[in-house]
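Q: I should like to learn how to read the features of a protein model. May we work through one together, feature by feature?

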Amino acid sequence: MNKINQKQNEKVFIDYLKAQRVAYSQCKTYQFVDLISVLIAIILPIIGMINSDYVNFLGAFGVIWTIIYLVVEHFRKNKSQQGAKIQEQFDTELFEIPWNDVLCKNKVNKDIQTDLAKHYKANDLSDWYSKEIGSDIPREIAVLLCQRINFSWELSLRKKFVLYLVTVLLVYYGAIIVTSIFVNLGLLDTLILLAPSISFLIYGVQNVGALKSQSKSKEEYLDLIDSKIQEYSLNKSIPDNTFLRQIQDVIFNQRNFLEKIPDWFYNTFKEDNENRTDKIIKSIKTNF
């Protein structure tokens, strides 16, 4: 049997969640650079079309902004790693599986965690993992279901965000190209005109490629987890801590990716994903 449902709402675990949410939010704060890139991509080419005298200047500005964008990526990486480690500590202590010193290295300093947690004012982090898991199943199977939730939740969200990004990129660049043709702008001038949006293009292509790759990986591990759950349903075979740790290693690595879903997008689909997760877990448990 397991105590995941009860333990996840204890203060120490809620504080972990508060700290990781703030760390991830700070990482996403750097996405203001992405927002500015979008604005630059939209506004500057329009200026260039209105007055072609500014085309060269806009091209130079686009290159400079791209350099700024790449520098900011360094700070985003640090915050992403911090959030991933804190969430890993939440999971390993809740699941009662060992910390991987080789992969995860040192834990985030307790003082840093406390300072981060103080900045989270909302009270919406209880029942992080579905209550449908219940305390009536073995700990290992409960952990496996929690890990399945991590993969399933992120998979659904990433697929939706990829569709959103691809749509935005196609509409934007399609509009620019069509407009350039309409006003008889030459190929070279069109390319220079698009220079300010290079950082936006990098952001879009990087995220679409990375998120699609992550989605494929998550689907593969979902299949593996489901096969283990099926084994338990058929013959009560229980995975050992080594297997659970290996799955957790994958989760930790994927949490370290820089490509984060913006908070506004996450919050838009949060309730739908929670309801979907509860239904899936409830359906799986009917086979036990």
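Q: Which residues does Trp 153 touch, not counting residues up to four places away in sequence?
A: Please keep in mind that this is a predicted model. Trp 153 touches Tyr 266, Lys 270, Asn 273, Glu 274 and Thr 277. Trp 153 itself lies in helix H7. Another residue to set beside Trp 153 is Arg 276: the two are 123 residues apart in sequence, yet 8.8 Å apart in space, C-alpha to C-alpha.

Q: Is Trp 153 buried or exposed, and why?
A: The term depends on relative accessible area, and buried means under 20%. Trp 153 has 12% relative accessibility, so Trp 153 counts as buried.

Q: How many residues does H7 have, and what distance does H7 reach from its first C-alpha to its last?
A: H7 has 44 residues and reaches 64 Å between those two atoms, close to the 64 Å expected at 1.5 Å a residue. Just after H7, Asn 184 takes a positive phi of about 60°.

Q: How is a pair of aromatic rings described?
A: One gives the distance of the centres and the angle of the planes. The count here comes to 11 aromatic pairs. One of them is formed by Phe 161 and Tyr 164, with 5.8 Å centre to centre and 25° between the planes, and this pair is stacked. Phe 161 and Tyr 164 are 3 residues apart in helix H7, so about one helical turn separates them.

Q: Are Phe 161 and Tyr 164 buried or exposed?
A: Phe 161 counts as buried, at 1% relative accessibility. Tyr 164, in contrast, is partly exposed, with a relative accessible area of 36%. The ring of Tyr 164 also pairs with that of Phe 265: the centres are 5.8 Å apart and the planes stand at 50°, so this pair is tilted. Because Tyr 164 lies in helix H7 and Phe 265 in helix H11 (residues 263-285), the pair ties together parts that are 101 residues apart in sequence. Phe 265 counts as buried, at 5% relative accessibility.

Q: Which residues form one aromatic cluster?
A: The members are Phe 13, Tyr 16, Phe 90, Phe 95, Trp 128 and Tyr 129.

Q: Where does the charged end of Lys 107 sit?
A: That charged end sits over the ring of Trp 99, 5.3 Å from the ring's centre. There is also Lys 236, which lies over the face of Tyr 232 at 4.6 Å from the ring centre.

Q: How many salt bridges does the count come to?
A: The count is 10 salt bridges. In one of them the side chains of Arg 245 and Glu 88 meet, at 2.6 Å from N to O. Arg 245 lies in helix H10 (residues 241-255) and Glu 88 in helix H4 (residues 55-95), so this pair ties together parts 157 residues apart in sequence. Arg 245 counts as buried at 8% relative accessibility, and Glu 88 is buried with a relative accessible area of 0%.

Q: Which residue forms a salt bridge with Glu 219?
A: The partner is Lys 159, the closest N and O atoms being 2.8 Å apart. This pair links distant parts of the chain, with Glu 219 in helix H9 (residues 198-235) and Lys 159 in helix H7, 60 residues apart. Salt bridges that share partners also join Glu 88, Arg 245 and Asp 249 into one network.

Q: Which element has the lowest mean pLDDT, and which the highest?
A: Among the elements of the protein chain, helix H3 (residues 32-50) has the lowest mean, 65, and helix H5 (residues 101-104) the highest, 95. The protein chain averages a pLDDT of 84, and 85% of the residues score at least 70.

Technical notes:
Residues numbered from 1 in each chain as written. Predicted model: local features only at pLDDT ≥ 70, side-chain atom pairs only at ≥ 80, totals over all residues. Heavy atoms only, no water. Phe/Tyr/Trp six-rings, centres within 6.5 Å; stacked < 30°, edge-to-face > 60°. Helix = DSSP H or I, 4+ residues; strand = E, 2+ residues; numbered from the N terminus. Buried < 20%, exposed > 50% of the residue type's maximum accessible area, 1.4 Å probe, protein only. Lys NZ or Arg CZ within 6 Å of the ring centre and 35° of its normal. Contact = heavy atoms within 4.5 Å. pLDDT = per-residue confidence, 0-100. Expected span 1.5 Å × (residues − 1). Salt bridge = Lys/Arg side-chain N within 4 Å of Asp/Glu carboxyl O.
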